[in-house]
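Q: Before we begin, could the sequence and the model be put side by side, and could we then take the features one at a time, with the general idea ahead of the particular case?

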Amino acid sequence: MGFKVLRMSISWSRIFPNGDEEEPNEEGLQFYEDVFKECHKYGIEPLVTMTHYDIPLHLVKEYQGWENRVTIEFFKKYVRTILMRYKDLVKYWLTFNEINCITALPYFAAGVVVRSEEEKLQQIYTAAHHEMIASAWATKIAHEINSKNKIGCMLAGGITYPYTCAPQDIWQAYETDRNNYFFA
């Protein structure tokens, strides 16, 4: 088919099943190494997402997912592990898939269990803050390991259309889009 790039993701849980282990799962690391080598064998460059809505469930149950700042440290360990292991096999990285989806899908995107409607926004934006810090750390670590790494994160694109031409509907559409662009 002539593919030159394959976008794929690494499952954090495959490398650190609980997310807070001392040592990574060698079988998981070897699995991805084999995939990347097979890609290169056919002239295909991997474009790898570090986390694609797949925070280890243990981190959600034990630490409240991305709502807890300690998750940044677990992520940094995971990131350093995969970047060191695959430094000669992968040069294109995405830290988070559709990082802005946390506002619409807090559990799915960040392991945030909403406690109440009153706390929901605080929980979501706390988790988003922690994900953005983690993304910045991942970028720093990636460049320390290999200065030629290309790294960023992915946003879910879209536009909100007003329900009617009424000014309040138009304003609501603008406000919704502005909240999405916050992550850019």
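A: Let us start with strand pairing, for which one definition is needed: two strands pair if DSSP finds at least two bridges between them. Please keep in mind throughout that this is a predicted model.

Q: How many bridges join S3 to strand S4, and do they run parallel or antiparallel?

A: Strand S3 and strand S4 (residues 150-152) are joined by 3 bridges and run parallel, and within this pairing Trp93 stands opposite Ile151 in S4.

Q: How many bridges join strand S2 to S3?

A: Strand S2 (residues 45-51) is joined to S3 by 4 bridges, and these two strands also run parallel; here Thr49 is the residue opposite Leu94 in S3. As a general point, the side chains of a regular strand alternate between the two faces of the sheet. Strand S3, which covers residues 92-96, is mostly covered, with 4 of its 5 residues buried.

Q: How many helices and strands does the protein have, and what pattern does the protein follow along the sequence?

A: There are 7 helices and 4 strands, and reading along the sequence gives the pattern β-α-α-β-α-α-β-α-α-β-α. The C-alpha trace spans about 55 × 40 × 25 Å along its principal axes. Of the contacts with a separation of 6 or more, 75% are between residues 24 or more positions apart.

Q: Let us turn to the interior. Which residues touch the most other members of the largest nonpolar core?

A: The general idea is that nonpolar side chains tend to be buried together in soluble globular proteins. In this model the largest nonpolar core has 44 residues, and those touching the most other members are Ile10, Met50, Trp66, Phe75, Tyr78, Tyr86 and Trp93. At least two residues of this core come from each of helix H1 (12-15), helix H2 (26-41), S2, helix H3 (57-63), helix H4 (70-85), S3, helix H5 (106-110) and H6, and H6 gives the most, with 9 residues. Over the protein as a whole, 41% of the 184 residues count as buried.

Q: Taking one of those core residues, what does Phe75 touch, not counting residues up to four places away in sequence?

A: With those sequence neighbours set aside, Phe75 touches Trp12, Met50, Thr51, Trp66, Thr95, Phe96, Ala134 and Ala138.

Q: How should I read the charged pairs, and how many salt bridges does the count come to?

A: In general, side chains of opposite charge can pair when their charged atoms come close. The cut-off applied here places a side-chain nitrogen of Lys or Arg within 4 Å of a carboxyl oxygen of Asp or Glu, and by this rule the count comes to 10 salt bridges. One of them joins Glu22 to Lys77, with the closest N and O atoms 3.7 Å apart. Glu22 lies in the loop between H1 and H2 whereas Lys77 lies in helix H4, so the pair ties together parts that are 55 residues apart in sequence. Glu22 counts as exposed, because its relative accessibility is 62%, while Lys77 is partly exposed at 30%.

Q: Where do the partners lie when a salt bridge forms within a helix, as with Lys37 and Glu33?

A: Lys37 and Glu33 are 4 residues apart in helix H2, so about one helical turn separates them, and their side chains meet in a salt bridge at 2.8 Å, N to O. Their accessibility is worth reading residue by residue: Lys37 is partly exposed, at 44% relative accessible area, but Glu33 is buried, at 12%. Helix H4 offers another case, in which Lys76 and Glu73 lie 3 residues apart, about one turn of the helix, and salt bridges that share partners join Glu26, Glu33, Lys37 and Arg85 into one network. In the salt bridge between Lys76 and Glu73 the closest N and O atoms are 3.5 Å apart; Lys76 counts as buried at 15% relative accessibility, and Glu73 as partly exposed at 46%.

Q: Finally, which residues form a nonpolar patch on the surface?

A: The patch is formed by Leu121, Tyr125, Met132 and Phe182, which together have about 380 Å² of accessible area. Met132 lies in helix H6 (residues 117-145) and counts as partly exposed, because its relative accessibility is 30%. The accessible surface of the protein comes to about 10400 Å², and 57% of this belongs to carbon and sulfur atoms.

Key. Residues numbered from 1 in each chain as written. Predicted model: local features only at pLDDT ≥ 70, side-chain atom pairs only at ≥ 80, totals over all residues. Heavy atoms only, no water. Patch = residues over 30% accessible without salt bridge, like charges linked within 9 Å, V, L, I, M, F, W, Y side chains within 5 Å. Areas by Shrake-Rupley, 256 points an atom, 1.4 Å probe, with all protein chains shown as cover. Buried < 20%, exposed > 50% of the residue type's maximum accessible area, 1.4 Å probe, protein only. Core = buried A, V, L, I, M, F, W, Y, C linked by side-chain atoms within 4.5 Å. Contact = heavy atoms within 4.5 Å.
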